[in-house]
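Here is a short walk through one protein model. Keep the sequence and the 3D view side by side as you read.

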Amino acid sequence: MESGAKEEGKVLGYNSKKVKKVAILSTLAALLDDPILADVPKKPSLSDVDTLINLELGSAMCISIFKLDGTSFDVAVMNSATVKDLKLAIKKKVIELEQSKMGHRHISWRHVWANCCLAHHNGKLLDDDAALHDFGVRNNSQVHFLPYVVSKGSGRHSKRRKHRFFHGLSKLS
């Protein structure tokens, strides 16, 4: 009789654990569908939630990013954020948007940052270690992507070097 009660407890414990998990997931889904929480990502990380809480408290800022095609999106970063932090937030937001639209898609961010830069009021945000407030970026500011090509120092093409595979072997003989 005791073993029957233990087995029944295990079954109820398993079912109650499963029921609790389903209830939590359904509550989370309902919360994320709420229009008040529309800016929370579908799978939020702790840093995402922390930034959004700080945004509500006033210690973070929301920045509108305008892409080259004219579309825009908003990202939230801390008030003390650097250009690098903004670039990481943009990368995270774009990946999230692309995955929600088309599934997995690879974007070469090295290519993006080599050919484009961010600008605020015609000032280019080129120094990754500089704070955003140094460029005048505040809450509800607009930052634009601009085409940008890094110019070479000398202005001429580098000379092609000849690669000799057996160059070292000719000296030995």
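The paragraphs below take the sheet, then the helices on it, then a salt bridge.

This is a predicted model. Begin with the sheet. It is open and has 5 strands. Their order is β2-β1-β5-β3-β4, and the pairing is mixed. Two strands form the edges: β2, residues 72–78, and β4. Each of these pairs on one side only. From one strand to the next, the twist averages 40°.

Now look at β1, residues 60–66. Strand β1 pairs with β5 in the parallel sense, over 3 bridges. To find the place by residue, go to Ser64, which stands opposite Gln142 in β5.

Next come the helices. Helix α2 covers residues 46–57 and packs on the sheet. Helix α2 touches β1 and β2. The direction of α2 makes about 105° with that of β1. Helix α3 also packs on the sheet, touching β1, β2, β3 (116–120), β4 and β5. The direction of α3 makes about 135° with that of β2.

Helix α3 leads to the last stop. The structure holds 1 salt bridge. Which side chains meet in it? They are those of Lys87 and Asp128, at 2.9 Å from N to O. The pair links distant parts of the chain, 41 residues apart. Lys87 sits in α3, residues 83–102. Asp128 lies in the loop between β4 (123–125) and β5 (142–147).

Are these two residues buried or exposed? Lys87 has 17% relative accessibility, so Lys87 counts as buried. Asp128 has 28%, so Asp128 counts as partly exposed. The cut-off for buried is under 20%.

Technical notes: Residues numbered from 1 in each chain as written. Predicted model: local features only at pLDDT ≥ 70, side-chain atom pairs only at ≥ 80, totals over all residues. Heavy atoms only, no water. Salt bridge = Lys/Arg side-chain N within 4 Å of Asp/Glu carboxyl O. Helix = DSSP H or I, 4+ residues; strand = E, 2+ residues; numbered from the N terminus. Buried < 20%, exposed > 50% of the residue type's maximum accessible area, 1.4 Å probe, protein only. Pairing = 2+ DSSP bridges. Axes fitted to C-alpha atoms, helices over the stretch in contact; angles between N-to-C directions. Contact = heavy atoms within 4.5 Å.
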